Every structure is written in C-alpha cells, then in structure tokens.
Amino acid sequence: MSTTATLTSAPAAPRRMTVPAFRARKRAEPLVMLTAYTARMAELLDPHCDALLVGDSLAQTLYGLPSTVPVTLDMMIAHGAAVVRGARQALVVVDMPFGSYEASPEQAFHSAARILKETGASAVKLEGSQAMAPAIACLTARGIPVMAHIGLTPQAVNLLGGYGARGRGQAEYARIAADARAVADAGAFAVVIEGVVEPLALAVTEAIACPTIGIGASAGCDGQVLVVDDMLGMFDRTARFVKRYDSLAERIQAAARDYAADVRSRRFPQAEHLYG
C-alpha cells in the first residue's frame with residue numbers, strides 16, 4: 001500500500017486560531033477562553049474554546065500555593081509546553097509570572113521570548129496598569145503578542161489587600177479605565193478585565209479597539225474566561241463570579257470511594273483485568 005496515499009487521505013488538522021483572528025472578533029460572536037495546565041485537559045477543552053490560557057492560577061489549582069506570587073518562569077514554561085501539545089485549534093496564551101517582566105521592557109522581552117521559544121505558544125499575558133505599557137509596546141514591536149490584564153490583578157494581591165471587586169470608588173474607576181486605554185494603545189491584542197464593577201467593564205469594552213475578556217466583569221465584554229477547576233467544581237469555595245457547570249470533586253471522591261471498597265473486599269481486580 002502506498003504510504004503517500006495514506007498520508008494524503010488523512011484529515012487535515014484544524015486551523016489554529018491566530019492573534020489577528022482573535023482580535024478581529026471584537027463586537028462579534030463572544031470569545032470563549034478557559035485555563036488549561038496539562039496536555040490532556042487542553043485536548044478536552046480545545047474543540048470548545050477560542051483560546052486556552054495557561055494561567056498562573058496553577059499556583060492554587062495544582063500546587064496548593066496561597067497565591068500566584070511564588071510561581072516561576074520554569075513552571076509556566078513546563079505547563080505551557082504541555083498545553084500546546086494537547087491543543088490543536090485554540091490560541092494558547094501563557095501567563096508571565098510575577099517578577100519575570102516588571103523590572104524593565106528588556107526583562108519582559110527576554111522572559112516572553114523564552115516562553116514562546118520553549119512552549120510553542122502564540123502569545124503571553126501580563127498583569128499591570130499604565131506602568132506596563134512600555135513593556136507591552138516593547139514586546140509587540142518585537143513580534144510578541146501580548147494579552148493584558150487589568151482590574152483585580154492577583155499578582156498584586158499584597159498591594160491590593162485581597163481579592164475584592166475593584167472600581168467601586170471614583171478614583172479607582174478612573175484609574176482602571178486609564179489603564180485599559182494605556183495597555184490597548186501600547187499594542188495589547190486583548191485585555192482581560194477581572195473583578196470590576198459592571199459599568200466599568202462596559203465602559204472599557206466600548207472605549208478600546210481590542211477585545212475585552214471578562215472574568216467577574218460583564219456579559220457585555222467581548223468574551224469570557226474562567227479557571228477550569230472552578231468551572232468544574234473542583235474546590236469547595238469559589239469566587240462569586242464563578243458558575244459551576246459540574247461537581248467534579250464529588251464525583252472523583254465517589255469514584256475513589258468505590259475503588260477503595262472494591263480493593264478492600266477483593267472485588268478488584270477480577271479475571272478480565274488480569275493476564276493469563
């Protein structure tokens with residue numbers, strides 16, 4: 001049999017979402033984004049998502065850390081590469097961890113270049129206000145797409161004093177709106193808006209040319225993102241803005257309980273599980 005014919009008849013791989021295509025979805029069909037940290041989870045989520053975010057939320061979801069602050073560049077690269085291997089069509093974006101980009105645009109470039117080279121991802125995401133605009137401009141001018149993140153920025157939890165909603169006061173409202181304009185003008189292809197009052201999210205979405213991705217913001221944003229473990233009900237406590245689509249923790253516990261009972265009663269393994 002001709003190997004050439006076999007290869008030719010194989011179904012074509014789906015086209016991966018590109019940064020320009022993602023950006024062009026402003027005010028169109030809402031963009032769908034979830035976090036992913038492993039190849040298998042990326043494989044499962046990929047057909048349903050426009051983008052997969054390798055979030056530094058892996059600090060809490062995978063490593064049991066109290067915040068995202070301890071996450072390292074090596075951790076993000078390892079999980080980013082795994083997600084790229086599992087995803088075929090979604091745009092893969094990797095979070096830049098705390099301390100890997102804030103010092104200077106040059107530091108941001110070296111960290112971002114390493115992420116893209118070692119993972120195969122298409123873009124990076126960084127948190128920050130107007131102060132991060134020079135870094136975003138530096139990266140985009142050098143061919144590195146950047147997704148920005150404003151409002152409630154978890155890497156700044158020590159400064160913010162917690163995870164409460166932002167933009168309730170007039171001064172903070174104005175500052176976050178200015179942050180959005182600054183990062184968009186610097187070249188961000190999309191902006192995540194987290195944990196802000198809804199009028200602010202709507203105003204920002206209207207004011208900037210690139211898509212906004214809401215998380216605890218508004219259905220009026222150009223897209224939405226959730227931490228996949230929260231969405232699947234893996235933890236007892238979640239933020240107000242999370243909608244649980246499953247109670248996976250309960251189902252995992254039930255399966256483990258049934259397995260343990262079968263082992264202790266010697267109902268597992270049985271003949272069909274053994275080699276003759």
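**Close-up 1. The active-site residue Glu194 in the predicted model.** The feature "active site" at Glu194 comes from an unreviewed UniProt entry. Glutamate 194 belongs to strand 6, which covers residues 190–194. Its relative accessibility is 10%, so glutamate 194 counts as buried, the cut-off being under 20%.

**Close-up 2. Surroundings of glutamate 194.** Leaving out residues up to four places away in sequence, glutamate 194 touches His149, Ile150, Gly151, Leu152, Pro154, Ile215, Gly216 and Phe241. With one of these, histidine 149, glutamate 194 forms a side-chain polar contact of 3.0 Å.

**Close-up 3. The residues listed under "binding site".** An unreviewed UniProt entry gives Asp56, Ser57, Asp95 and Lys125 for this feature. They are spread over 70 residues of sequence but cluster in space, with a largest C-alpha distance of 12.6 Å. Asp56, Ser57, Asp95 and Lys125 are included in the lining of the largest pocket.

**Close-up 4. Serine 57 in its loop.** The loop holding serine 57 runs between strand 2 (51–54) and helix 4 (58–61). Serine 57 counts as buried because its relative accessibility is 15%. Not counting residues up to four places away in sequence, serine 57 touches Thr35, Tyr37, Thr68 and Val227.

**Close-up 5. Aspartate 95 in strand 3.** Strand 3 spans residues 91–95 and contains aspartate 95. Aspartate 95 has a relative accessible area of 3% and is therefore buried. Apart from neighbours within four places in sequence, aspartate 95 is in contact with Leu53, Val54, Gly55, Asp56, Met76, Ile115 and Lys125. Among these contacts, Asp56 and Lys125 are also listed under "binding site" in the UniProt entry.

Conventions. Residues numbered from 1 in each chain as written. Predicted model: local features only at pLDDT ≥ 70, side-chain atom pairs only at ≥ 80, totals over all residues. Heavy atoms only, no water. UniProt positions renumbered as here; feature names shortened; annotations may be inferred. Helix = DSSP H or I, 4+ residues; strand = E, 2+ residues; numbered from the N terminus. Buried < 20%, exposed > 50% of the residue type's maximum accessible area, 1.4 Å probe, protein only. Contact = heavy atoms within 4.5 Å. Polar contact = N/O pair within 3.5 Å; in protein donor to acceptor, adjacent residues only side chain to side chain. 1 Å grid on protein atoms, 1.4 Å probe; cavity = no way out; pocket = protein on both sides within 12 Å on 5 of 7 lines; lining within 4 Å.
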